[in-house]
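Here is a quick walk through a two-chain complex, one chain at a time and then the contact between them. Keep the structure open and follow along.

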Amino acid sequence: MALTLEIVTPEARVYSDTIDTVVIPTTSGEVGILPGHIPLLTQVEHGELRVTKNGQTSLLAVSGGFAQVEGDRVHVLAEHAITEEKIDENAVEAALKRAEEQLKAAKDIDPQQYEHLQNLVRYSGVQLAVKRRRR
Amino acid sequence: MASTRDIRRRIKSVKNTRQITKAMELVAASKMKKAQQAALSGRPYAELMARMLGALADRVEESHHPFLAKRDVKVRGIILITSDKGLCGALNSNVLKLVTDIKTPAKYAVIGRKGAQFIARTRRELLADFPANDRTTFADIKTVAEFMVKQFLDGVVDTVEVIWPRFRNTLAQVPTIMPILPLSSVKDVIADLHSDAGVVASASTNVKAVDSQMLFEPDPAVVLDALLPLYVNREIYQHALDAKASEHSARMVAMKTAKDNATKLLGDLTLEYNKARQAGITQEILEIAAAQFAA
């Protein structure tokens with residue numbers, strides 16, 4: 001029996017395939033999901049999502065959202081999600097640097113902007129971590 | 001009658017105009033296609049969110065989330081979505097007419113320069129304005145949405161509503177006003193998501209039977225409270241995409257009309273030019289003939 005994994009963001013459907021297992025980063029730690037998992041609805045954290053299909057593991061970087069397991073279907077609703085191959089290391093690094101500088105430079109920017117930047121920094125960090133994992 | 005040279009000059013300028021409007025029409029057409037695609041690609045997300053909320057709605061007794069709390073409306077909060085650039089027919093003025101009709105006190109957050117200019121000119125209260133990029137990203141709209149939600153939670157405004165040109169088809173865009181916050185109930189939210197996703201609501205009923213023993217982490221109330229802001233962001237994002245599709249189709253139609261008008265004008269001018277030219281030649285022949293007779 002196989003699982004069907006679907007990852008969607010408001011902008012597009014990022015991933016949709018049948019897989020063997022998936023490990024999802026949630027607010028209460030990583031959750032590994034195998035076929036036959038009981039129905040589950042949980043909050044997703046920034047982190048790497050590991051998908052195993054035919055013994056091959058592929059990685060995705062995701063940021064905040066939700067995951068639902070329902071029978072043999074797994075749905076992930078994320079704000080951002082990107083597959084390993086699509087991560088542009090240089091671009092992410094540049095974005096990370098910019099965001100960090102802004103965070104440092106401005107002490108009293110409004111909290112929303114601050115949170116946005118922090119999210120950006122965390123998501124960028126996750127993307128880099130995913131990209132560099134193989135080396 | 002204008003001289004042939006004047007007419008020739010006018011023909012040249014009309015031809016130029018036609019070329020420009022034609023190019024703009026083609027650009028708008030391709031952008032419109034992209035914008036429509038983007039508006040549709042939000043569907044799976046809406047569908048999934050409806051599913052999750054459906055599973056939650058049965059488990060959580062009416063949540064005490066501030067989004068669901070009813071309050072007296074003193075000041076309305078309105079997110080106005082317009083375009084940055086003009087040349088799109090009556091699109092913006094139709095939307096702004098809706099704003100003029102609002103007589104109760106309201107504060108505005110505006111996406112797009114046209115709207116911001118209007119609010120400033122008519123001395124309405126502008127809380128913030130944001131640029132309307134050609135590619136509407138979720139992150140951009142999220143800042144707008146979160147800004148407005150914060151005003152709502154802080155009590156600066158008592159509602160959050162969106163005014164935008166709703167895309168009906170390429171020829172018709174309907175200016176629409178829609179309340180977002182406060183949410184009336186989780187059930188309404190689900191119904192709304194279903195209509196966005198383009199599925200019939202009955203599809204959700206058979207799901208409920210399956211997940212009778214669903215596990216929630218950390219617990220249903222927390223998950224629901226985290227989902228609702230996401231819903232609000234998504235809703236506003238969807239409207240922004242819709243507005244973008246409207247803008248490009250309105251521009252395409254406006255440019256097509258302009259192009260057609262230029263073509264017609266060109267026909268008239270060419271006729272006039274030929275007449276003037278012929279009259280000139282006839283005149284010259286007459287003069288030569290008259291001169292011969294005289295000799």
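## Chain A at a glance

Start with the overall build. For 135 residues, a compact globule would come out near 14 Å in radius of gyration, and chain A has 16 Å, which agrees. Keep in mind that everything here comes from a predicted model. Along the principal axes, the C-alpha atoms of chain A fill a box of roughly 55 × 30 × 25 Å.

Chain A has eight strands and two helices. Reading from the N terminus, the order is β-β-β-β-β-β-β-β-α-α, with the helices coming after the strands. Buried residues account for 31% of the 135 in this chain. If you take the contacts in chain A between residues at least 6 apart in sequence, 52% of them join residues at least 24 apart.

## A buried valine in chain A

For a close look, try V22(A), which sits in strand 3 of chain A. Is V22(A) buried or exposed? V22(A) counts as buried, because it has 24 C-beta neighbours inside 10 Å and the cut-off for buried is 20 or more.

Which residues does V22(A) touch, leaving out those up to four places away in sequence? The list is L3(A), L5(A), I33(A), L49(A), R50(A), V51(A) and V74(A). As for A78(A), 56 residues from V22(A) along the chain, the two C-alpha atoms are separated by 15 Å.

## Chain B at a glance

Now for the other chain. Chain B has eight helices and six strands, and from the N terminus they run α-α-β-α-β-α-β-α-β-β-α-α-β-α. The radius of gyration of chain B is 28 Å, well over the 19 Å that the globule rule gives for 295 residues, so chain B is more spread out than a compact globule. Its C-alpha trace spans about 115 × 45 × 25 Å along the principal axes.

Of the 295 residues in chain B, 35% count as buried. Among contacts in chain B with a separation of 6 or more, 81% are between residues 24 or more positions apart.

## How the helices of chain B cross

Helix 8 of chain B (residues 220-294) is a good one to follow. The axes of helix 8 and helix 1 (residues 4-40) of chain B come within 7 Å and cross at roughly 160°. Helix 1 and helix 8 of chain B are therefore roughly antiparallel to each other, and their crossing is left-handed.

Helix 5 of chain B also packs with helix 8 of chain B, at an angle of about 120° and with the axes 9 Å apart. These two helices of chain B are therefore oblique to each other, and helix 5 of chain B passes helix 8 of chain B in a right-handed crossing. On the helix 5 side, the residues that meet helix 8 of chain B are F138(B), I141(B), K142(B), V144(B), A145(B) and V149(B). Facing them from helix 8 of chain B are P229(B), V232(B), N233(B), I236(B), Y237(B) and A240(B).

Helix 5 of chain B also holds L153(B). L153(B) is exposed, as it has 12 other C-beta atoms within 10 Å. The C-alpha atoms of L153(B) and D58(B) are separated by 26 Å, with the two positions 95 residues apart along the chain.

## Where the chains meet

How many residues does the contact take from each chain? Chain B gives 27 residues and chain A gives 23. On the chain B side, helix 2 (43-57), helix 5 (138-154), strand 6 (215-217) and helix 8 each supply at least two residues. Helix 2 of chain B has the largest share of that side, with seven residues.

## How far to trust it

The predictor gives the complex an ipTM of 0.78 and a pTM of 0.84. In chain A the mean pLDDT is 83, and 93% of the residues reach 70 or more. Confidence in chain A is highest in strand 3 (residues 21-26), at a mean of 91, and lowest in helix 2 (residues 111-132), at 75.

Chain B has a mean pLDDT of 86, and 93% of its residues reach 70 or more. Helix 1 of chain B is where confidence is highest in that chain, at 93, and helix 7 of chain B (residues 205-210) is where it is lowest, at a mean of 46. Over residues 201-211 of chain B the pLDDT is below 50, and this stretch has 14 contacts in the model beyond near neighbours in sequence. Where pLDDT is low, the predicted coordinates should not be read in detail.

Notes
Residues numbered from 1 in each chain as written. Chains lettered and ligands numbered in written order. Predicted model: local features only at pLDDT ≥ 70, side-chain atom pairs only at ≥ 80, totals over all residues. Helix = DSSP H or I, 4+ residues; strand = E, 2+ residues; numbered from the N terminus. Rg over C-alpha atoms; globule rule 2.2 N^0.38 Å. Contact = placed C-beta atoms within 7 Å. pLDDT = per-residue confidence, 0-100. Axes fitted to C-alpha atoms, helices over the stretch in contact; angles between N-to-C directions. Parallel < 35°, antiparallel > 145°, perpendicular 65-115°, else oblique. Left-handed = near helix turned anticlockwise from the far one by under 90°.
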